[in-house]
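I set out to record what can be looked up in this structure, entry by entry. The notes begin with the chain as a whole and then turn to single elements and residues.

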Amino acid sequence: MYLINVLYYILYKININKKIKLKINNIKINNIKINNIKIMYYHKLDKNTFNNYSITEFQYSKFIKLKDELNKARQQINDIINKNVDNKYKIQSLFDKISMSLYAFDNLCTKNGILVSKYGAEMVTNTWLKIYELGNIFLSPFLENKIQKRNPKYPKKDDYIFRSLHVVEAPGTFIIALNHLLKTKFSSINWNWTASTYLESTNDENQNNKKTEYFDDTYGIMHYFPNNWYYGANHNGDVTNIENLISFRHFMLNGVGDRDLVDLYTADGGIPITDDCNEYGNIDIINQKLYFGKVLCGFLTLKEGGIMIVKTFDHLEACVVSILYLISCCFKETYVTKPQTSKPANSECYVVGVGYESLNRQQLNDLIEIFDKINIKNQHMSIFKKEDIPRNFVNEIKKWNNYIVVEQINAITKNMKKYNKYYNSLDELTEKYEKKRNQICEVWVHEMKIKKMDDKYKLLNFNKDKDVI
Ligand SMILES: C[S@@+](CC[C@H](N)C(=O)[O-])C[C@H]1O[C@@H](n2cnc3c(N)ncnc32)[C@H](O)[C@@H]1O
């Protein structure tokens, strides 16, 4: 009987692991634990799904409880900050500094950090690290595969062009970090990138003459590479606008400047929200139209087999569950991950679709039609009826949520404890953690197999030849 139970358990585990891979690799080097979390959603391509769109509103009771717990933890931060109304901004700033002292990777984001000084990296920020990490995990195998498939007779004569589109992209760090990855690890691959972002537009007095301004061009990447940026039919880059989304597809397909549908599509960013816990608690709701726009833009511009990387936040509302279900139906593999370099106390995650199974014209038109009907006033909106989203799929999301919400609450609690202990002695805290922070950074750099980039490949090295893209 015992043996049968063991066998049953092993088979059960194999079966579960095939369907859903919640893989938590606890990598330990020099006694430092680094979590590398991946989850693979159950893949179910049900053609009927695409005829079953229906904008409905509902909530998952199992997620409401998690949302409340998370909000309670966030509320504690609000309480500390609001305790002294006169010093609110000072306390907020101190709290942020203490949280940053515990965020090891900040050491890599400075001019003296090893990525810049030793590896020739440009403009390293927290965003740089995140996309490098995601690119290393998900894009590198894709490109290695492309290189392996080259005709060995003509290894140099390769007309494959790796195309990417990055929307919601200012100030362009994803492009800068991907440039480092591509030029140091895949230098033989031709790369053609296009980017877009929201352009703030200010109407002049007579309302006829619209003046657009670059928004957030911190590094000059929009200014110095104007031909790589496209802002859609409405010239404002807004991916919640349906005309813009359709025009992205036409722009890519018409091959302007050697363009075509893309191998890699990224959509970072979200609607800026305040630290107010009520707003934070509704981050999914506030972002729902943007989520749909980002995903639909990917479906419209990706080529068969392509990769999509989209930022999401909490996965606790029907809108996100329905989008995740949609994505899982359209890719061979769908992952949700929180990079090691993403700050643990925030909700940010990335959903990665690998191996796009292209939607046909009718399916794209159906999605465009439903997207147009999304009304941000529908708070708990889904594009599928509750009964049309398989229960086992929702259970898979529940496993992720149970895991990630606890991680997030733990990180918030840790920040709070450190604040209470060190609010008068920030330097002591920074000093105490300095060695550990450097060790964690070293492990990450080692794990990512970062290589030094030659100056000639730098995107923002304006004294050199710029024929690198
Ligand atoms: C977090 S930043 C993106 C960072 C970027 N991935 C990088 O690597 O530098 C988010 C950007 O999204 C833009 N954005 C916000 N709402 C948008 C929308 N509806 N359409 C297009 N862009 C949007 C913001 O203006 C901001 O520049």
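**Entry 1: the chain as a whole**

I began with contacts in the protein chain between residues at least 6 apart in sequence, and found that 76% of them join residues at least 24 apart. I note here that the model is a predicted one. I then listed the elements of the protein chain, which are 15 helices and twelve strands. Of the 469 residues in the protein chain, 38% are buried.

**Entry 2: the nonpolar core**

Which residues have the most contacts inside the largest nonpolar core? I found Val295, Ile323 and Val352 in that role, in a core of 103 residues. Helix H12 (residues 318–330) supplies the largest share of this core, with ten residues. I followed Val352 further and set aside residues up to four places away in sequence; Val352 then touches Leu134, Phe138, Ile307, Met308, Ile309, Tyr335 and Thr337.

**Entry 3: helix H6**

I next looked up helix H6, which runs over residues 173–185 and has 13 residues. The distance from its first C-alpha to its last is 18 Å, close to the 18 Å expected at 1.5 Å a residue. Is H6 mostly covered or mostly open? H6 is mostly covered, with eleven of its 13 residues buried. Among the buried residues of H6 I noted Thr173, Phe174, Asn179, His180 and Lys183. I also looked for what covers the buried residues of H6, and the cover includes helix H5 (126–148) and helix H7 (221–224). Strands S4 (161–167), S5 (190–195) and S8 (262–267) are also included in that cover.

**Entry 4: strand S4 and the loop after it**

I placed Arg163 in strand S4. Is Arg163 buried or exposed? Arg163 counts as buried because 23 other C-beta atoms lie within 10 Å, and the cut-off for a buried residue is 20 or more. Leaving out residues up to four places away in sequence, I listed its contacts as Asn192, Arg259, Asp260, Val262 and Asp263. I also checked Arg163 against Met252: the two are 89 residues apart along the chain, and their C-alpha atoms are separated by 9.9 Å.

I moved on to the loop between S4 and H6, where Val168 is found. Val168 has a positive phi of about 50° although it is not a glycine. Val168 is buried, with 23 other C-beta atoms within 10 Å. Apart from neighbours within four places in sequence, Val168 is in contact with Thr197, Val239, Ala267, Asp268, Gly269 and Lys294. Val168 and Leu199 are 31 residues apart in sequence, and I read 9.9 Å between their C-alpha atoms.

Pro171 lies in the loop between S4 and H6 as well. I recorded a cis peptide bond between Ala170 and Pro171, with omega about 5°.

**Entry 5: the ligand**

Which residues come nearest to the ligand? Of the 20 residues around the ligand, I found Ala170, Thr173, Tyr198, Asp268 and Gly269 to come nearest. I sorted the shell around the ligand by class and obtained nine nonpolar, seven polar and four charged residues.

**Entry 6: two partly exposed residues**

I looked up His235 in the loop between H7 and helix H8 (242–253). His235 has a positive phi of about 60° although it is not a glycine. His235 is partly exposed, with 14 other C-beta atoms within 10 Å.

I then turned to Ile286, whose place is in helix H10 (residues 283–286). Ile286 is partly exposed, with 18 other C-beta atoms within 10 Å. Ile286 and Ile271 are 15 residues apart along the chain, and 7.2 Å separates their C-alpha atoms.

**Entry 7: helix H15**

My last entry concerns helix H15 (residues 426–447). The 22 residues of H15 should span 32 Å at 1.5 Å a residue, and the 30 Å between its end C-alpha atoms agrees with this. Where is the kink in H15 centred? I found the kink, of about 45°, centred on Glu434. The buried residues of H15 are Ile440, Cys441 and Trp444. Lys449, which follows H15, has a positive phi near 50°.

Key
Residues are numbered from 1 along each chain as its sequence is written. This is a predicted model: local features need pLDDT of at least 70, side-chain atom pairs count only at pLDDT 80 or more; totals for chains, interfaces and linings use all residues. Helices (H or I, at least four residues) and strands (E, at least two) are DSSP runs, numbered from the N terminus. The expected span of a helix is 1.5 Å times one less than its number of residues. The bend at a residue is the angle between axes fitted to the seven residues ending there and the seven starting there. A residue is buried if 20 or more other C-beta atoms lie within 10 Å of its own, exposed if 12 or fewer, and partly exposed in between; C-beta atoms are placed from the backbone. A residue is near a molecule or strand if its C-beta atom, placed from the backbone, lies within 6 Å of it. Ala, Val, Leu, Ile, Met, Phe, Trp, Tyr, Cys and Pro count as nonpolar, Asp, Glu, Lys and Arg as charged, and the others, Gly among them, as polar. A nonpolar core is a set of buried Ala, Val, Leu, Ile, Met, Phe, Trp, Tyr and Cys residues joined through C-beta atoms within 7 Å. Two residues are in contact if their C-beta atoms, placed from the backbone, lie within 7 Å.
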